[in-house]
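Please open the model in your viewer and keep the selection panel at hand. The tour below goes from stop to stop, saying what to select and what is there.

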Amino acid sequence: AQSSPARAQAATPQAPALLPTLPTPAGAFSPGAAASVQPFPIPFPSTSSSPAVAPHPRPASPSSWRASPATPQQQQLARPTTPSMATASPARSPSALPDIPSPMFSHIEDAVAVSNECFEAYFNEGNGLALSQLYCDDAELYPPSVGGQSTVGIPAIREFWELGMESGLAPMQRTSEEVFPAGPYLIERGRYAHTGGCGAMIVVWKKQGREWKIFREIFN
């Protein structure tokens with residue numbers, strides 16, 4: 001069977017209509033002219049037509065920087081100062097603080113010096129009872145003539161010094177060279193002299209009641 005001209009015409013595909021060729025505007029990009037593409041113009045004013053802007057001056061060092069004044073809005077947002085902060089006194093340097101002496105260790109050198117003067121007077125008078133009262137109840141004496149054994153207690157210390165008085169060691173002289181506190185005690189370094197010789201001494205003082213008394217004593 002032969003097809004009709006209408007069917008044959010419908011079965012044959014037709015080519016799409018060609019689009020009209022538009023003229024290429026001047027300066028537009030085309031694949032064949034890649035080498036001649038010019039940079040895209042920057043829409044900024046020319047430097048020749050706009051005035052030059054001077055750069056913002058920068059301080060020479062951070063120490064010379066200064067903050068700009070706060071605006072009224074910034075001042076409203078600022079944290080208010082509390083009354084305790086506003087009335088607080090400035091901090092004082094340690095050198096400005098007063099030197100408050102300790103009541104326990106005030107005039108310690110004078111107290112030791114007075115006791116040594118009493119010691120000399122009692123020994124030179126031969127008053128062993130008064131001299132023994134310069135020692136604490138639990139005092140200990142370490143003389144060099146007893147083989148390192150200590151003399152403990154007021155009665156034994158009184159007997160020791162009375163033997164020295166009877167031996168003719170007077171006059172006795174005691175000189176304090178250094179006194180410093182050590183906790184609840186005073187440490188004295190000094191020298192003594194009598195007719196039998198002279199030497200060095202270390203004395204530990206302890207407060208008994210309201211008076212400083214000899215707690216430990218050693219001499220050579």
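What follows is a walk through a predicted model, beginning with its sheet and ending at a loop.

**The sheet**

Begin by colouring the strands, which form an open sheet of six in the order β2-β1-β6-β5-β4-β3, with mixed pairing. The edges of this sheet are β2 (151–152) and β3 (173–182), each of which pairs on one side only. Strands of a sheet pair through backbone hydrogen bonds, either parallel or antiparallel. For an example of the antiparallel sense, select β4 (residues 185–194) together with β5 (residues 197–208), which pair over ten bridges. To follow one of the partnerships, pick Leu186 and look across to β5, where its bridge partner is Trp205.

**A buried lysine**

Next select Lys213, which has its place in strand β6 (residues 211–219). Which side chain of opposite charge is nearest to Lys213? It is Glu211, at 4.2 Å, and Lys213 is buried yet has no salt bridge. A salt bridge requires a side-chain nitrogen of Lys or Arg within 4 Å of a carboxyl oxygen of Asp or Glu, so the distance to Glu211 falls outside that limit. If you display the surroundings of Lys213 and leave aside residues up to four places away in sequence, you will find that it touches Gln133, Leu134, Tyr135, Cys136, Val204, Trp205, Lys206 and Gln208.

**Salt bridges**

A search of the whole structure finds six salt bridges, and three of the pairs can be visited in turn.

- Select Glu140 and Arg216, whose closest N and O atoms are 3.6 Å apart in a salt bridge. This pair links distant parts of the chain, with Glu140 in strand β1 (residues 135–142) and Arg216 in strand β6, 76 residues apart. Glu140 counts as buried at 17% relative accessibility, whereas Arg216 is partly exposed at 22%. While Arg216 is selected, add Phe215, because the charged end of Arg216 sits over the ring of Phe215, 3.8 Å from its centre.
- Move to Arg189 and Glu178, which form a salt bridge with the closest N and O atoms 3.1 Å apart. Arg189 lies in strand β4 and Glu178 in strand β3, so the pair ties together parts that are eleven residues apart in sequence. Both residues are partly exposed, Arg189 at 36% relative accessibility and Glu178 at 35%. Adding Glu177 to the selection completes a network of salt bridges that links Glu177, Glu178 and Arg189.
- Turn to Arg158 and Glu162, where the closest N and O atoms of the salt bridge are 2.9 Å apart. These residues are four apart in helix α6, and so are separated by about one helical turn. Arg158 is partly exposed, with a relative accessible area of 33%, and Glu162 is partly exposed as well, at 25%.

**The aromatic cluster**

Now show the rings of Phe119, Phe123, Phe160, Trp161, Tyr192 and Phe219, which form one aromatic cluster. In the structure the count of aromatic pairs comes to six. One of them is Phe119 with Trp161, an edge-to-face pair at 5.2 Å centre to centre, with 85 degrees between the planes. The two rings come from distant parts of the chain, 42 residues apart, with Phe119 in helix α4 (residues 108–125) and Trp161 in helix α6 (residues 154–166). Phe119 counts as buried at 1% relative accessibility, and Trp161 is buried too, with a relative accessible area of 8%. Keep Trp161 selected and add Phe123: the ring centres of these two are 5.9 Å apart and their planes are at 85 degrees, so this pair is also edge-to-face. Here again helix α4 is linked with helix α6, through residues 38 apart, and Phe123 counts as buried at 1% relative accessibility. Before leaving the cluster, select Arg174, whose charged end sits over the ring of Phe119, 4.0 Å from its centre.

**The loop between α6 and β3**

The last stop is the loop between α6 and β3, where Pro171 is found. Most residues other than glycine have a negative phi, and most peptide bonds are trans. Is the bond that joins Ala170 and Pro171 cis or trans? It is a cis peptide bond, with omega at about 5 degrees. In the loop between α6 and β3 you can also select Gly168, which counts as partly exposed at 41% relative accessibility. Finally, draw a line from Gly168 to Asn124, which are 44 residues apart in sequence and 9.5 Å apart in space, C-alpha to C-alpha.

Definitions and conventions:
Residues are numbered from 1 along each chain as its sequence is written. This is a predicted model: local features need pLDDT of at least 70, side-chain atom pairs count only at pLDDT 80 or more; totals for chains, interfaces and linings use all residues. Side-chain values use heavy atoms; hydrogens and water are left out. Helices (H or I, at least four residues) and strands (E, at least two) are DSSP runs, numbered from the N terminus. Buried means under 20% relative accessible area, exposed over 50%, partly exposed in between (1.4 Å probe, protein chains only). Lys and Arg count as positive and Asp and Glu as negative; His and the chain ends are not counted. Contact means heavy atoms within 4.5 Å. Rings of Phe, Tyr and Trp (its six-membered ring) pair if their centres lie within 6.5 Å; planes under 30 degrees apart count as stacked, over 60 as edge-to-face and the rest as tilted. A charge sits over a ring if NZ of Lys or CZ of Arg is within 6 Å of the ring centre and within 35 degrees of the ring normal. Two strands pair if DSSP finds at least two bridges between them.
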